[in-house]
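Visitor: I would like a close look at one part of this protein and at what surrounds it. Please take me through it slowly, with the terms explained.

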Amino acid sequence: MVSLFTGKILITNNKDCDEVDTERELSQRLDNKVMLLYFGSGECTRCQEFSPVLKDFFVRLTDEFYVERASQLVLVYVSQDETEEKQEKFLKTMPKRWLFLPFQDEFKRELELRFAVSNTPVVVVLKPSGEVIAGNAVEEIRCLGTACFRNWQEAAELVDRSFLLAEDFDDLAKRSITDPIRRLKYKLDKKTRKKKESEEVLCPDMD
């Protein structure tokens, strides 16, 4: 997936508009994830109806209020807004985890042509390899909600993040660490119980 944006700058939709531009940063944000390319605008009537649905869909899969560990999902907003000011106004109402291309980046037009985008809204769903899972998942998201992510996850054959190297976890959201640690603790507790039971069998209470 990184190859799609190699040499490009993605911007995080947070207060500081942090740039994601190095190969390492792009890899950390995009690798081993289902990617949504959202072609839309704040002025389009159909987009105004769908954007809140997409926002809720994304938040329910990535926000710690709803899930313990964020789903392997990333969204890049490909603006169809008429001006940068309108783009900024729209993005202020959207999740801070969203990424977007700089307004003046002509790569947006290349993406429109590549994925045959004509009328918005359009949500293209991509595997980590860049292969298309769905050319436009707008109706799927409307009808199935978060349940459709499971279908995409299976189609993308994602690797469970719990198998990432320890150093990779340092740059991920803190909650991504808790799951493997909890499983390890469970395994250790289980071993401790078995050892204790074994000792009790070998050394029964003489009283």
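Guide: What follows starts at one lysine and then moves outward to the core and the sheet. The model is predicted, so local features need pLDDT of at least 70 and side-chain atom pairs count only at pLDDT 80 or more, while totals for chains, interfaces and linings use all residues. Residues are numbered from 1 along each chain as its sequence is written, and side-chain values use heavy atoms, with hydrogens and water left out.

K33 sits in the loop between α1 (23-30) and β3 (34-40). Helices (H or I, at least four residues) and strands (E, at least two) are DSSP runs, numbered from the N terminus. K33 is buried but has no salt bridge. Buried means under 20% relative accessible area, with a 1.4 Å probe and protein chains only; a salt bridge is a side-chain nitrogen of Lys or Arg within 4 Å of a carboxyl oxygen of Asp or Glu. The nearest side chain of opposite charge, D31, is 9.5 Å away from K33; Lys and Arg count as positive and Asp and Glu as negative, with His and the chain ends not counted. A polar atom of the K33 side chain does lie 3.3 Å from the backbone oxygen of R29. Setting aside residues up to four places away in sequence, K33 touches M1, Q28, Q72, L73, V74, L126, K127, P128 and L158, where contact means heavy atoms within 4.5 Å.

Two of these, L73 and V74, are also in contact with L36. L36 belongs to the largest nonpolar core, of 30 residues, and is listed with Y38, L54, W98 and W152 as touching the most other members. A nonpolar core is a set of buried Ala, Val, Leu, Ile, Met, Phe, Trp, Tyr and Cys residues joined through side-chain atoms within 4.5 Å. Elements that give two or more residues to this core include β3, β4 (73-79) and β6 (122-126), and α2 gives the most, with 6 residues. Another core, of 23 residues, lies apart from it and has V74 and L99 among its members.

The strands form an open sheet of 7, in the order β2-β1-β5-β4-β3-β6-β7, with mixed pairing. β2 (19-20) and β7 (132-134) are at the edges with a single partner strand each, so one side of each has no neighbour in the sheet. Strands pair if DSSP finds at least two bridges between them. β1 (residues 10-12) and β5 (residues 99-100) run antiparallel and are joined by 2 bridges; T12 has L99 as its bridge partner in β5.

Note on methods
Buried means under 20% relative accessible area, exposed over 50%, partly exposed in between (1.4 Å probe, protein chains only). A polar contact is a pair of N or O atoms within 3.5 Å; within protein, one must be able to donate a hydrogen and the other to accept it, and residues adjacent in sequence count only if both atoms are side-chain atoms.
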